[in-house]
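Q: I'm new to this structure and would like a close look at a single part of it. Could you take the cysteines and then set them in their surroundings?

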Amino acid sequence: MGDMKLAVMGASGRMGRTLTRLVHEMEGCVVAGGTEAPGSEFIGADLGELAGIGKLGIAVTDDPIDLFVKIDGVLDFTSPMASLEFAALSAQARIVHVIGTTGFTPEQEAALEPASRHCVIIREGNMSLGVNLLTALTKKVAAALDDDFDIEILEMHHKHKVDAPSGTALMLGRAAADGRHVELEHHGVFAREGQTGARRRGDIGFAALRGGSVVGDHSVIFAGEGEMITLSHQALDRAIFARGAIKAALWGRGKDTGIYSMADVLGLS
């Protein structure tokens, strides 16, 4: 089949530039294009120069329709509304769509389903191998411990992150809820302020910290009487997410249409 032709959505952003650099470096794939929103100052800029790898002769475009018919897959860490638009285009082009975007509402998540009938969508709140292993462990520990152990999820990200809790924190919360055979929507506590009363048995709590240039820290705390278990992961370089996304795209090539997760990619399902 030859090298997989991949395009980077949001090519001028921190993740976009990292994705371009790693696609260029990794075997089995090539940089085939990149997009930015109409009006962006980076329209027409060379993708390679943006990524710090030298001129590639491929310009950033604001026309994804023309781009999608020439590629095999897209790497998308943009915004929920943009990802939905790209998913519709991926369905028309029958290509692989890797979505690392976070902040989807339940309605937006459901809106991906029609597109997935015509293309391969791989969507995850966090693309790193370590985080997906943490997720699997969280589910196992939650299943092994009863409600005598309170579950709290703590995350910290850089000051520019716009959504909270992070997609990864929600992924960990869902894993904990699955382990307990409950619905996160009914047991998640996402904010505490003032006279909240005693903690309810079975709640899954979240706390979000923002500051500096933190790439991503996540901890899942199981707090019992007289003992506490903490599972944690620290991201030191956002390249781990980019590598996972590219691996997902390569894995998705030739797969049946549908929505997949990184657990599928890594054989953890």
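A: Here is a walk through the cysteines, followed by the chain around them and a few other spots.

A quick note before we start: this is a predicted model, where local features need pLDDT of at least 70, side-chain atom pairs count only at pLDDT 80 or more, and totals for chains, interfaces and linings use all residues. Residues are numbered from 1 along each chain as its sequence is written, and side-chain values use heavy atoms, with hydrogens and water left out.

So, how many disulfides turn up in a search of the whole structure? Zero, with a disulfide taken as a pair of cysteine sulfur atoms within 2.5 Å. For C29, the nearest cysteine sulfur is that of C119, 19 Å away, and C29 is in no disulfide. Looking from the other end, C119 is in no disulfide either, its nearest cysteine sulfur being that of C29.

Are they buried or exposed? C29 is buried at 4% relative accessibility, and C119 is buried at 1%. Buried here means under 20% relative accessible area, exposed means over 50%, and partly exposed is in between (1.4 Å probe, protein chains only).

Now step back to the chain. It has eleven helices and eleven strands; these are DSSP runs, helices being H or I with at least four residues and strands E with at least two, numbered from the N terminus. Of its 269 residues, 48% count as buried. Its C-alpha atoms fill a box of roughly 60 × 40 × 30 Å along the principal axes.

For another buried spot, try T20 in helix 1 (residues 14-25). T20 has a relative accessible area of 1%. Neighbours within four places in sequence aside, T20 is in contact with V8, V31, L47, A51, I53 and L56, contact meaning heavy atoms within 4.5 Å.

The loops have some spots to visit too. R94 sits in the loop between helix 4 (80-93) and strand 4 (96-99). R94 isn't a glycine, yet its phi is positive, near 60°, and R94 is exposed with a relative accessible area of 54%. H181, in the loop between helix 8 and helix 9 (184-187), also has a positive phi, about 60°, without being a glycine. At 74% relative accessibility, H181 is exposed.

Finally, look at the loop between strand 6 (150-157) and helix 8 (167-180), where P165 lies. The peptide bond joining A164 and P165 is cis, with omega about -5°.
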